[in-house]
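Reader: I'd like to go through this one with you and ask how each label is earned. Can you show it to me?

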Amino acid sequence: MITDRVAVIGGGYAGFAAAVTLATAGCAVTVFESARTLGGRARRVEAYRITVDNGQHILLGAYAQTLALIRTVHGAGAEPELLDRRRLRLEEPGVFRLSTPALPAPLHLAVALLLARGWSWADRQATIAFMRGLRREHFRCDSALSVGSLLSGQPAAVIRALWEPLCLAALNTPITVASAALFLNVLAAAFGARARDSDLLLPRVDLSSLFPDPAAAYVADRGGEIRKSTMVNGLAARADGVTLRIGYGEERFDAAVLAVGPHQLTHLLFDGGGDPRASQALNQVAAFAYEPIVTAYLKYSTPLELAHPMQKLDGAPGQWVFDRGQLDGPKGLAAVVISTDLPSTRIGHNALARSIDAQLHRLQPSLPAPTWMQVIAERRATYACIAGLARPAPGKIAPRLWLAGDYTDAEFPATLEAATRSGVTAAQALLRESG
Ligand SMILES: Cc1cc2nc3c(=O)[nH]c(=O)nc-3n(C[C@H](O)[C@H](O)[C@H](O)COP(=O)(O)OP(=O)(O)OC[C@H]3O[C@@H](n4cnc5c(N)ncnc54)[C@H](O)[C@@H]3O)c2cc1C
């Protein structure tokens, strides 16, 4: 049977979404992960003997697939211990504040926009009319349209305070080139149905503990196997199964899900083994550009005095600050995030950390000098979600071989939700084929 022995290559959120789906259906799954820590681009790292993440992440209430999988592996009632859920609130102190009240959708957003601080009456009216127009069009637009073009005619103050930071946070791509269609998909998911969908969910645990680690335990409990620190060096997909090259040896599986990052695909598939679907995926991925995300951790001996665990910064150079002390982390630990490739980040890590420290001191002058600072730059954090970009779909790309990964999801930009959706879609397609 095609599902007797299934390999999942890649132990990130996509790989484990596939592995959990397959294990639930009774398959014997083996997950291969080249790193020692599970989670891929969303994983635990140690800094100065404190557990942090390779990058601060935010989830949305609209991450239906990710939240369902978290419930599957942790149990139904675990969310409050794992995630700090709050109604959407965006604030840059002294500049702008938007906070959604406890009202049903879409009223919650309309009222939030109406009461937004820092904008003129005309700005607020224009933004409400803009959102109404998007809703009328069912949040759809031409796939070649950029977010910048979508926003043409919108008030500059609202673009600067709201749309640009949201686009950077969701798509990690500058608004001038970012895909309006994917941006609208995120707006539709967050604001199109229930008020809860626009909630911000901030992890209270590290990103490996949030899903990949318990998912690994779930798979192992169902007869599966997790092979960490094991790099798959190549594969051959044929009508009777998939052979993986591991070290100097080979191992045969009845089927495989390939859930590596887009830039890691070529290493495994080479020329696509002659299958046109694999060759097309390789060609599409070869045209991708990538965007970095920098997270700087700064530890102070006194607590931060932020009113909320997440706050917008002025962009000089940090864009957002997260108070990890309010998220079950150590008191006085700040995580400051900078998305996309900005000139301000193209300096040494020490200089960048010092500049962020100065920025936090402008926000809270009473802060002492940091006891330590650590900058983590993920150079290929996400593919650039550029308007009109052709991407592979999650699904079969060669005999007995299915593709997953954040870059394959049609609806969401490169996010945890895109990753988990793709993993589940690929696994379900595999299961359907086995009958
Ligand atoms: C700094 C940063 C901040 C982010 N912020 C957010 C956020 O706030 N919200 C959000 O939703 N998303 C965010 N993202 C995006 C999110 O982390 C990714 O979209 C998601 O983790 C991608 O998951 P994936 O499983 O598709 O790929 P990956 O996580 O890249 O997983 C692929 C895995 O395959 C393994 N692998 C590769 N090649 C091989 C091989 N040959 N053999 C064995 N294993 C292999 C890799 O080691 C890796 O673990 C952020 C990403 C970064 C880097």
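Author: Here are some questions about the labels, each with its reasoning. This is a predicted model, where local features need pLDDT of at least 70, side-chain atom pairs count only at pLDDT 80 or more, and totals for chains, interfaces and linings use all residues. Residues are numbered from 1 along each chain as its sequence is written.

Reader: Why is phenylalanine 16 called buried?

Author: A residue is buried if 20 or more other C-beta atoms, placed from the backbone, lie within 10 Å of its own (exposed if 12 or fewer, partly exposed in between). Phenylalanine 16 has 34 within 10 Å, so it's buried.

Reader: Which residues is phenylalanine 16 in contact with, leaving aside neighbours within four places in sequence?

Author: Gly11, Phe211, Pro212, Ala215 and Gly423. Contact takes C-beta atoms, placed from the backbone, within 7 Å. As for aspartate 213, that one is 197 residues away in sequence from phenylalanine 16, yet 9.2 Å away C-alpha to C-alpha.

Reader: Why do you say the ligand lies between domain 1 and domain 3?

Author: Because both domains give residues to the shell around the ligand. The domain bounds come from an automatic or database domain assignment.

Reader: What makes β11 and β12 a pair?

Author: Pairing needs at least two bridges found by DSSP between two strands. β11 and β12 have six, in the antiparallel sense. One of the bridges joins alanine 237 to valine 242 in β12.

Reader: And why are β11 and β13 at the edges?

Author: The open sheet runs β11-β12-β13. β11 and β13 each have a single partner strand, so one side of each has no neighbour in the sheet.

Technical notes
Contact = placed C-beta atoms within 7 Å. Helix = DSSP H or I, 4+ residues; strand = E, 2+ residues; numbered from the N terminus.
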